[in-house]
Amino acid sequence: MSAVSDFPDWGDPNSPANSYRLSQHYVTETIHETSVPNMVTAVLADYRGYDTMFETVVIFTAGIAIIGILRRFGNDDKDAAKPTLYTKKPDLIIDTTCRLMIPIIQLFALYVIAHGHHSPGGGFQGGVIFGASFILLAVSRDLQAAQKWVPEKRILNLAGIGVLIYAGFGLGSLLLGQNFLDYAILHKIMPATPIEARSHSMLGVEIGVAFTVTAIMFSIYSNLASNGSMKEGL
Amino acid sequence: MEIFEAISAKFNFWIYIIIMMIGLYAMIAKNNLIKKLIGMSIFQTAIILFYVSIGVKDGASIPILYHDQVHPEHHDESHGDHSAHSPSTDGHDSHAAEDRYLPELVVDGNDFANPLPHVLMLTAIVVGVSTLGVGLAVTQKVYREYGSIEESEILEMIKSGK
């Protein structure tokens, strides 16, 4: 607490964190070097590509860990008593609302992912929104209804594919003779200039992130809500 | 009065310290495992608040360039539209310099907030969600094994050999 008086003032543009030349470089040079107006995405997916890749791996690992901790197979449920709230008959109002909302939520999620490098958004945010649409389905009907769209096997496949897409962009630039995750070299296999190749690769990387986040978000929810049995949700 | 000014000048840091201590207290002192996890979340929120408040600049916008700056040839249509949310679907392949994109554009560093803390906190939020999820899963497993999420009861059960 005694250190508080040494901290910089609120909103001071000359504070050490804001005047450091790396931050200044990110603000002033991002558009010239990567042709991406959203600096946050550019720093996230390009300059700090390693960080984000292993962040995706962290999410992937968390999903695997939760499945490993909670998942139960077979019918060894001793407390088979059904929750009293659970009714088989779907409610008309809830059903109709979700029928209208879920496609719009998913469309918005795709917009957030695809426009992550132009406007606020990106793979993580869009992935969470997309996962939330499945969670809404699971909450409004039951877990089985959502399982029909994203069965467990597909979840793991999607999560793995997401990480592989990200790593694939890194390996692609490695194969073309540049550093790992140095996207500029990818212009050789893309119809774009080197600078635009960085922008397009960022979009691809974000899509990979979105795959993983969507899958793992729903996996976390379904495992926690059904106590690992994947039979029926809340 | 002096002490009031000393506090209000660095308001964000005091808030951050208070929230962080609330989280730390919950993590250490609470008996319920779920409450401990809530404390962990509060702690993480305090860190996120701290970092984002460091990146603030007075009079600066969010770290996304304006539509007008990126698409100068559309200036007539989108004049005065200073929205960073403007969808920009067309026309970003018309002017491609070989080594620098939009070489005539000059970006003032003081017009946009510092993007680096935002990126770091995006990472922190994601890691926070992952740890919270795994923590909840472990708690659920503990409840399945012991039938309780109170730390003292669980410790007693372990000591007494269940």
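Let me begin with the rings: over all chains, the structure, which is a predicted model, holds nine aromatic pairs. One of these joins B:Phe13 and B:Phe50 edge-to-face, with 5.9 Å centre to centre and 65 degrees between the planes. That pair links distant parts of the chain, since B:Phe13 belongs to helix α2 of chain B and B:Phe50 to helix α3 of chain B, 37 residues apart. If we ask how exposed these two rings are, B:Phe13 has a relative accessible area of 1% and is buried, and B:Phe50, at 12%, counts as buried too, because the cut-off for that word is under 20%.

B:Phe50 also pairs edge-to-face with B:Tyr51, at 5.7 Å centre to centre and with 85 degrees between the planes, although B:Tyr51, at 30% relative accessibility, counts as partly exposed. Taken with B:Tyr16, these residues, B:Phe13, B:Phe50 and B:Tyr51, are linked by ring pairs into a cluster.

Let me turn now to the interface, where 59 residues of chain B are in contact with 57 residues of chain A. The area buried between the two chains is about 5100 Å², and carbon and sulfur atoms give 68% of that area. Between chain B and chain A the count of salt bridges is zero, while four residue pairs, both residues at pLDDT 80 or more, are in polar contact. On the chain B side, the elements that give two or more residues are α2 (11–29), α3 (33–54) and α5 (115–146), and the largest share, 19 residues, comes from α5(B). By residue class, that side of chain B divides into 34 nonpolar, 15 polar and 10 charged.

How values were computed. Residues are numbered from 1 along each chain as its sequence is written. Chains are lettered from A and ligands numbered from 1 in the order in which they are written. This is a predicted model: local features need pLDDT of at least 70, side-chain atom pairs count only at pLDDT 80 or more; totals for chains, interfaces and linings use all residues. Side-chain values use heavy atoms; hydrogens and water are left out. Contact means heavy atoms within 4.5 Å. Buried area is the accessible area (1.4 Å probe) that two parts lose on being put together, summed over both. A salt bridge is a side-chain nitrogen of Lys or Arg within 4 Å of a carboxyl oxygen of Asp or Glu. A polar contact is a pair of N or O atoms within 3.5 Å; within protein, one must be able to donate a hydrogen and the other to accept it, and residues adjacent in sequence count only if both atoms are side-chain atoms. Helices (H or I, at least four residues) and strands (E, at least two) are DSSP runs, numbered from the N terminus. Ala, Val, Leu, Ile, Met, Phe, Trp, Tyr, Cys and Pro count as nonpolar, Asp, Glu, Lys and Arg as charged, and the others, Gly among them, as polar. Rings of Phe, Tyr and Trp (its six-membered ring) pair if their centres lie within 6.5 Å; planes under 30 degrees apart count as stacked, over 60 as edge-to-face and the rest as tilted. Buried means under 20% relative accessible area, exposed over 50%, partly exposed in between (1.4 Å probe, protein chains only).
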